[in-house]
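Trainee: I am new to this structure. Can you take me through it by question and answer?

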Amino acid sequence: MAEESLLSYLQDFIPDSFSQKNRILAGRFLKLVFGVRNDMCQLLQDIDGKEFKVDRWIRAEGGGGITSCLYEGNKFLNANVDVSVIHGHMPSQAVDQLREAGRMSTAWQNENPEFLAIGVSCIIHARNPHVPSYHFNLRFFMMKLSDGSEEGWFGGVIDLTPAYLVKEDVIHFHKTLKAACDEHNLSNYPRYKKWCDEYFLIRHRGETRGIGGIFFDNLNFQDEKHFDLMQSCARAILPAYQPIVKAHLDEPHSEQEDTWQLLRYGRYVEFNLIYDNGTKFGLFMPGFRIDTLFASLPITAKWGYMVEPEPGSKEAELVDVLRRPRDWV
């Protein structure tokens, strides 16, 4: 009953100003991502033994959401699962950010359209350096233009960020995502994998944030085949990660390995604060909750001066992959 109450809370934020057909589609997508949220929270809570703090919030400018946070857990440093349904009129700075990200239609380049954005976003950082950080989000975006027409898209990303490279884990992760993509079009996975490697590049370091995954965007939300793809990707989220986290959760680790994990967390912070489009968009969106925005960051990190791993070490093996992304399946 509690979960039904939370879903009802979110459904009430879908505005009546959009067409009935597209409100129904928005509701279907919300149910999909809310299910992902429930499954991930249950998995992490079962593993960690500590309950999530669940925070309902309202955006004064329109909409709201539910943020579920596991902070300083027994097994996880921090984990955050957020479902949001926000709407209103898009400010010019946010429009500019979408234009820079290549999500602009010529039909609304000079407008401040009414919008509806629905999404689930999750980030997991474990205490054990042998458990990779995990990130995913699935999103739906819709605009109403001044002529009354409505347009929008689906997008998403699922990616893995290890501190230590375990090839079997990486292969499993990419095979699971490839299988989800292959259900719909054999060209999807190669394109989305390449897009992910390019997107998560820390350009000033010349290395990727992690070992990639899939990244996709600008999928026409009115095309049923794209909704089907979103469903397949949603179903892949848990099986892509669950065996990896369970395999390494209690693995012994040294002080040196803990320090290396903190240095990798520093790289994670650099990417999110400098390059991530979602962070930039959120900062330009009035009423966007800053605590939710920055909950994606590890709560501890470290930087060192001119740190390079010892040649031939496990740390160097990871860095080589980050500087030269490769195909895993």
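The turns below deal with the core, the salt bridges and one cavity.

Mentor: This is a predicted model, in which local features need pLDDT of at least 70 and side-chain atom pairs count only at pLDDT 80 or more, while totals for chains, interfaces and linings use all residues. Residues are numbered from 1 along each chain as its sequence is written, and side-chain values use heavy atoms, with hydrogens and water left out.

Trainee: Which helix gives the largest share of the largest nonpolar core?

Mentor: A nonpolar core is a set of buried Ala, Val, Leu, Ile, Met, Phe, Trp, Tyr and Cys residues joined through side-chain atoms within 4.5 Å. Buried means under 20% relative accessible area, exposed over 50%, and partly exposed in between (1.4 Å probe, protein chains only). The largest core has 78 residues, and Phe29 and Phe140 are among those with the most contacts inside it. Its largest share, 13 residues, comes from a helix (a DSSP run of H or I, at least four residues, numbered from the N terminus): helix α2.

Trainee: How far apart in sequence are the parts tied together by Glu224 and Arg28?

Mentor: The two form a salt bridge, that is, a side-chain nitrogen of Lys or Arg within 4 Å of a carboxyl oxygen of Asp or Glu. Glu224 is partly exposed at 40%, and Arg28 is partly exposed at 33%. Glu224 lies in helix α6 and Arg28 in helix α2, so the distance along the sequence between the parts they tie together is 196 residues.

Trainee: In the salt bridge of Lys193 and Asp327, which residue is buried?

Mentor: The N to O distance of this pair is 3.7 Å. Asp327 has 66% relative accessibility and counts as exposed. At 5%, the buried residue is Lys193.

Trainee: Which helix gives the most to the lining of the second largest cavity?

Mentor: On a 1 Å grid over the protein atoms alone, a cavity is a set of points where a 1.4 Å probe fits but cannot get out, and lining residues have an atom within 4 Å of a point. The second largest cavity holds about 60 Å³, a volume being the space filled by probe spheres set on the points, which are joined across faces, edges and corners. Its lining includes Pro129, Gln261, Arg264 and Tyr268. The helix that gives the most, with four residues, is α7.

Trainee: Which residues are linked with Arg264 in a network of salt bridges?

Mentor: Arg264 also lines the second largest cavity. In the network, Arg264 is linked with Glu207, Arg267, Glu308 and Arg323.

Notes:
On a 1 Å grid over the protein atoms alone, a cavity is a set of points where a 1.4 Å probe fits but cannot get out, and a pocket is an open set with protein on both sides within 12 Å along at least five of seven lines; lining residues have an atom within 4 Å of a point. Helices (H or I, at least four residues) and strands (E, at least two) are DSSP runs, numbered from the N terminus.
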